[in-house]
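Please open the structure in your viewer and keep the selection tool at hand. The tour moves from the whole chain to single side chains, one selection at a time.

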Amino acid sequence: MKQLDSALVLFSGGQDSTVCLAWALERFARVETIGFAYGQRHAIELEMRPRIRTALAAHSAPWRGRLGDDHTVRIDALAEVSETALTREVAIEVSESGLPTTFVPGRNLIFFSFAGAVAYRRGIKHLVAGMCETDFSGYPDCRDDTIKAMQLALTLGMDRRFVIHTPLMWIDKAGTFALADEIGGDALIDVLLAETHTCYLGDREHRHAWGFGCGECPACRLRADGFAKWKAAS
Ligand code: ZN
């Protein structure tokens, strides 16, 4: 499975993208990360990014050797053009469109465009991202077809071969914990629980068996349920 190529991981500081980063560190000779500040109401995820990178570098000598530069990109305009619960004081609920108000239209398409531009400049062919079609609210820009279309668009639009990897696409949250366990054992699970953040309300005060969070928002419930299911099966 080892590849000599480099990879760029879309790394938000959340649980899913942290597992993707570990996945990439197992596979690629050099791994860089990219994160986006887009006016999200709770920037705690972004604040956790350097700590998680440090923790993963400490995991093993090979990972430390492969982990390369981090890139952060500010996309303030995204919050200007979108009215969502992640960027404004809007309640988290299902909107008239049938999608949760946490959906930021076009977000992942924009992220991939910027990631592609950075990868192009860095001579990187592989992009790795944590989109998942299995249990995440039906966000249309997390669908496998969307990602495949984006891979084609980037490859054609930059006249450079890009491959987008989404290792979590067909597994649920319990499966994500199982994958993390398989890749990095207890040490990686500990990093996930202590350092990664997914709570929509930005809660870092309440510590549960499954990590920090309010315990009530959809992201917390998904993570808590996934952790319980994984524990019950392991
Ligand atoms: Zn929460």
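What follows is a walk through the model, beginning with the overall picture and then going on to a strand, its partner and some charged and aromatic side chains.

**The whole protein**

Before selecting anything, keep in mind that this is a predicted model. Colour the protein by secondary structure, and you should be able to trace eight helices and seven strands. If you then colour by accessibility, 53% of the 234 residues count as buried, while the surface that the protein exposes amounts to about 10700 Å², with carbon and sulfur atoms supplying 53% of that area. Should you display contacts between residues at least 6 apart in sequence, 66% of them join residues that are at least 24 apart.

**Strand E2 and its partner**

Select residues 28–37 next, which make up strand E2. How many of the ten residues in this strand are buried? Eight of them are, so that the strand can be described as mostly covered. Now add residues 67–74, which form strand E3, and you will find that the two strands run parallel and are joined by six bridges. Within this pairing, look for Phe 36, which stands opposite Val 73 in E3.

Phe 36 also leads to the aromatic side chains, since together with Tyr 38 and Phe 111 it forms one aromatic cluster. Across the whole structure, a search finds six aromatic pairs.

**Charged side chains on E2 and E3**

The structure holds nine salt bridges by the rule applied here, and a few of them deserve a selection of their own. Begin with Arg 30 and Glu 32, whose side chains meet in a salt bridge at 3.7 Å from N to O. Arg 30 is partly exposed, with a relative accessible area of 35%, whereas Glu 32 counts as buried at 5% relative accessibility. If you add Asp 69 and Arg 122 to the selection, you will have a network of salt bridges that links these two residues with Arg 30 and Glu 32.

Then select Asp 70 and Arg 49, where the side chains meet in a salt bridge of 2.7 Å, again from N to O. Asp 70 lies in strand E3 and Arg 49 in helix H2 (residues 44–57), and the pair therefore ties together parts that are 21 residues apart in sequence. Is each partner buried or partly exposed? Asp 70 counts as partly exposed at 33% relative accessibility, while Arg 49 is buried, with a relative accessible area of 2%.

**A salt bridge within helix H6**

Move on to residues 144–157, which form helix H6, and show the side chains of Asp 144 and Lys 148. These two form a salt bridge in which the closest N and O atoms are 2.4 Å apart. Because Asp 144 and Lys 148 are four residues apart in the helix, about one helical turn separates them. Asp 144 counts as buried at 13% relative accessibility, but Lys 148 counts as exposed at 51%.

**Arginines over aromatic rings**

For the last stop, select Arg 160 together with Tyr 120, and turn the view until you can see that Arg 160 lies over the face of the tyrosine, at 3.9 Å from the ring centre. Finish with Arg 207 and Phe 212, where Arg 207 lies over the face of the phenylalanine ring, at 5.4 Å from the ring centre.

Definitions and conventions: Residues numbered from 1 in each chain as written. Predicted model: local features only at pLDDT ≥ 70, side-chain atom pairs only at ≥ 80, totals over all residues. Heavy atoms only, no water. Phe/Tyr/Trp six-rings, centres within 6.5 Å; stacked < 30°, edge-to-face > 60°. Lys NZ or Arg CZ within 6 Å of the ring centre and 35° of its normal. Buried < 20%, exposed > 50% of the residue type's maximum accessible area, 1.4 Å probe, protein only. Contact = heavy atoms within 4.5 Å. Areas by Shrake-Rupley, 256 points an atom, 1.4 Å probe, with all protein chains shown as cover. Pairing = 2+ DSSP bridges. Salt bridge = Lys/Arg side-chain N within 4 Å of Asp/Glu carboxyl O.
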